[in-house]
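Please look through the structure shown here, strand by strand. The text that follows explains how its sheet is put together.

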Amino acid sequence: MKRYHDYADVVFDQSGHETHVIRHHDQLELHGIGRSAAVFRINGTALVIKVFFPGFTHIAAEEHVIYDTLQGVPHFPRLYEAGPNYIVIDYIAGKTLFECLTEGIWIDASYINQVDEALLAARALGLTPSDVHLRNIILSPDGRIYLIDLARFRQGQHVDHQWEDLKRMYRLYRLPFMPKRYSKRLLNAVAYLYRTFVNDPRQ
């Protein structure tokens, strides 16, 4: 029985390049909106439901397979349920590495190593992770790293050039004279230029 099926009955409105939530189940709290889906915290639980926009439901099936493959692997949320336009996974409390940079929270080398461990484990299971970026890496309050938004873990290359480039930038970040806090505008501009002129993992 699909326990959370009714929660996936979300009404969206698309205006230009932006999508807005018009109506959702009263047991849901909007947590965030991405390029292909909205994420809601399920009240009274430690779970989130990710509901995909019309036209992006094929990504729900893709993520279902990927999360199912990674069941029990550290650094990835557990999958609890999946449907034609949604998945239900663990709610991971914490801050993304993007937020860490904008708030001046130190990013330790051990966090980078944890991402490498997670990607190595995914590759060992036959996946090809790509599109690993600062917004889909979460640092939990106890110092553990989790990766989310895994749709491109079966579409990428054997080496994620984006993540390797981020690690090169991390070597500069660690230098004593480098700032440890950056504006959102600057980081977004750098990400845009990187995708435009260097590497767009979405293609």
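Strands β5 and β7 run antiparallel and are joined by 5 bridges. Within this pairing, I49 sits opposite V88 of β7. The model is a predicted one.

β7 has another antiparallel partner in β6, and 4 bridges join these two strands. Here L79 faces I89 in β7. The connection from β6 to β7 is a hairpin through 2 residues.

These pairings belong to an open sheet of 5 strands, whose order is β3-β4-β5-β7-β6 and whose pairing is antiparallel. Why do β3 and β6 each have one side without a neighbour in the sheet? β3 (28-33) and β6 (79-83) stand at the edges, and each has a single partner strand, so one side of each is left without a neighbour. Between neighbouring strands of this sheet the average turn is 25°, with direction ignored.

For β3, the strand alongside is β4, which covers residues 37-42, and the two pair in the antiparallel sense over 5 bridges. In that pairing G32 stands opposite V39 of β4.

The sheet also has a helix against part of it. Helix α1, made of residues 57-69, lies across β5 (47-52), β6 and β7 (86-90). Relative to β7, helix α1 runs at about 35°.

Is β7 mostly covered or mostly exposed? β7 is mostly covered, with 5 of its 5 residues buried. β7 is thus a strand that pairs with β5, pairs with β6 and has helix α1 lying across it.

Notes: Residues are numbered from 1 along each chain as its sequence is written. This is a predicted model: local features need pLDDT of at least 70, side-chain atom pairs count only at pLDDT 80 or more; totals for chains, interfaces and linings use all residues. Side-chain values use heavy atoms; hydrogens and water are left out. Two strands pair if DSSP finds at least two bridges between them. Axes are lines fitted to C-alpha atoms, for helices over the stretch in contact, and angles run from 0 to 180 degrees between N-to-C directions. Contact means heavy atoms within 4.5 Å. Buried means under 20% relative accessible area, exposed over 50%, partly exposed in between (1.4 Å probe, protein chains only).
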